[in-house]
Amino acid sequence: MKKTVIQSIWDFIGFPLSAFLLDEPAQKKLGLTTLKERRLFAVLPLLQGNVLDIGCGHNELIKSYRAKGRQGVGADVFPFEGVDKIVDTTKLPYADKQFDTVTIIAALNHIPLGKRIAVLNEAYRVLENKGRLIVTMINGTIGYLCHKLMWWDFDQGEREVDWKEENYGLSNKYVTEIIGKCGFRLIKRKRFVYGLNNLFIFEK
Ligand SMILES: C[S@@+](CC[C@H](N)C(=O)[O-])C[C@H]1O[C@@H](n2cnc3c(N)ncnc32)[C@H](O)[C@@H]1O
């Protein structure tokens, strides 16, 4: 999963194109790493055991994990192509402690405000003791720019986004506090995509 130096330089030069101007097929044609792939490359090495991805979108993370012979399931409220389970994520159809890792990738801000705590409590319930919750999130300002400029964004295009209940992004403080309130302990936060995105590792 390690990028070559040439790929890294090319991605850096092409970043404005991949962030704002070109849709995913066009980015791929030019050999650029898409933002979705950047998230995937950051998260995939952190997955352990049986994995649940909440808000999985087209389920690329779990598909890539399963391609390595591992076990996981992608759940979402919207029937995007590739989703394993279309569910109400405030009532996950899984047993307590069934998963070793739960992920919420670029999705916590899209879980409606009124449901966020309930979904996080469910993530806690289905996670094994000492299991990890991995979250990626951009802050509100970057998120606002991305959501306004990314004319090709699959989520805004296919699903009806409700901006009264959803956020463009979330601050590090908010993410740490709301997840902390649900019983998780922050182990590590690191930045990726040139410091514009954040990856959080929490432990149950
Ligand atoms: C920007 S997409 C991210 C998709 C994917 N995780 C990725 O990295 O490409 C946000 C996702 O949050 C999902 N979502 C919205 N409301 C949700 C909820 N209540 N529970 C779980 N996921 C939700 C959307 O359906 C969408 O798939």
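For the helix pair in the first view, axes are lines fitted to C-alpha atoms over the stretch in contact, and angles run from 0 to 180 degrees between N-to-C directions. The model shown in every view is predicted.

**View 1. Helices H4 and H5 cross with axes that come within 10 Å.** Helix H4 spans residues 35-43 and helix H5 spans residues 60-67, and their axes cross at roughly 45°. H4 is therefore oblique to H5. The crossing of H4 and H5 is right-handed. On the H4 side, the contact is made by Lys-36, Leu-40 and Val-43, while H5 contributes Glu-60, Leu-61 and Ser-64. Sorted by class, this contact of H4 with H5 comprises 3 nonpolar, 1 polar and 2 charged residues.

**View 2. The open sheet contains 7 strands with mixed pairing.** The strand order is S3-S2-S1-S4-S5-S7-S6. The edges are formed by strand S3 (85-86) and strand S6 (185-192), each of which pairs on one side only. Strands of a sheet pair through backbone hydrogen bonds, in either the parallel or the antiparallel sense. Both senses appear here: S1 and strand S2 (residues 72-76) run parallel, whereas S6 and strand S7 (residues 197-203) pair in the antiparallel sense.

**View 3. Strand S1 is joined to S2 and to S4.** The link between S1 and S2 consists of 4 bridges, and the parallel pairing of S1 with S4 has 3 bridges. Val-51 takes part in both pairings: Val-51 stands opposite Gly-72 in S2, and its bridge partner in S4 is Thr-101. Within S1 (residues 51-54), Val-51 and Asp-53 point one way, and Leu-52 and Ile-54 point the other way. In a regular strand the side chains alternate between the two faces of the sheet. The four named residues of S1, including the charged Asp-53, are all buried.

**View 4. Strand S4 is mostly covered and pairs in parallel with S5.** Of the 7 residues of S4, 6 are buried. S4 and S5 are joined by 6 bridges, and Thr-103 has Ile-134 in S5 as its bridge partner. In the loop between S4 and H6 lies Ala-106. The phi angle of Ala-106 is near 55°, a positive value in a residue other than glycine. Ala-106 counts as buried because 21 other C-beta atoms lie within 10 Å, and the cut-off for a buried residue is 20 or more.

**View 5. Helices H5 and H6 lie against the sheet.** H5 lies across S1, S2 and strand S4 (99-105), and runs at about 170° to S2. Helix H6 (residues 116-126) packs on the sheet and touches S1, S4 and strand S5 (127-138). The direction of H6 makes about 145° with that of S5. Strands S1 and S4 are thus named in the contacts of H5 as well as in those of H6.

**View 6. Strands S6 and S7 are joined by 7 bridges.** One bridge pairs Lys-188 with Ile-201 in S7. Tyr-194 is located in the loop between S6 and S7, and its phi is near 55°, a positive value in a residue other than glycine. Tyr-194 counts as exposed because it has 11 C-beta neighbours inside 10 Å, and the cut-off for an exposed residue is 12 or fewer.

**View 7. Leu-199 of strand S7 touches residues that are distant in sequence.** Residues up to four places away in sequence are not counted, and the contacts of Leu-199 are then Ala-42, Thr-136, Arg-189, Lys-190 and Phe-192. The C-alpha atoms of Leu-199 and Val-43 are separated by 8.1 Å, although these residues are 156 residues apart along the chain. With 19 C-beta neighbours inside 10 Å, Leu-199 is classed as partly exposed.

**View 8. Trp-163 is an exposed loop residue.** Trp-163 is found between helix H8 (154-158) and helix H9 (172-181). Its exposed class follows from 9 C-beta neighbours inside 10 Å. The C-alpha atoms of Trp-163 and Gly-140 are separated by 13 Å, and the two residues are 23 residues apart along the chain.

Terms used. Residues numbered from 1 in each chain as written. Predicted model: local features only at pLDDT ≥ 70, side-chain atom pairs only at ≥ 80, totals over all residues. Helix = DSSP H or I, 4+ residues; strand = E, 2+ residues; numbered from the N terminus. Parallel < 35°, antiparallel > 145°, perpendicular 65-115°, else oblique. Left-handed = near helix turned anticlockwise from the far one by under 90°. Contact = placed C-beta atoms within 7 Å. Pairing = 2+ DSSP bridges.
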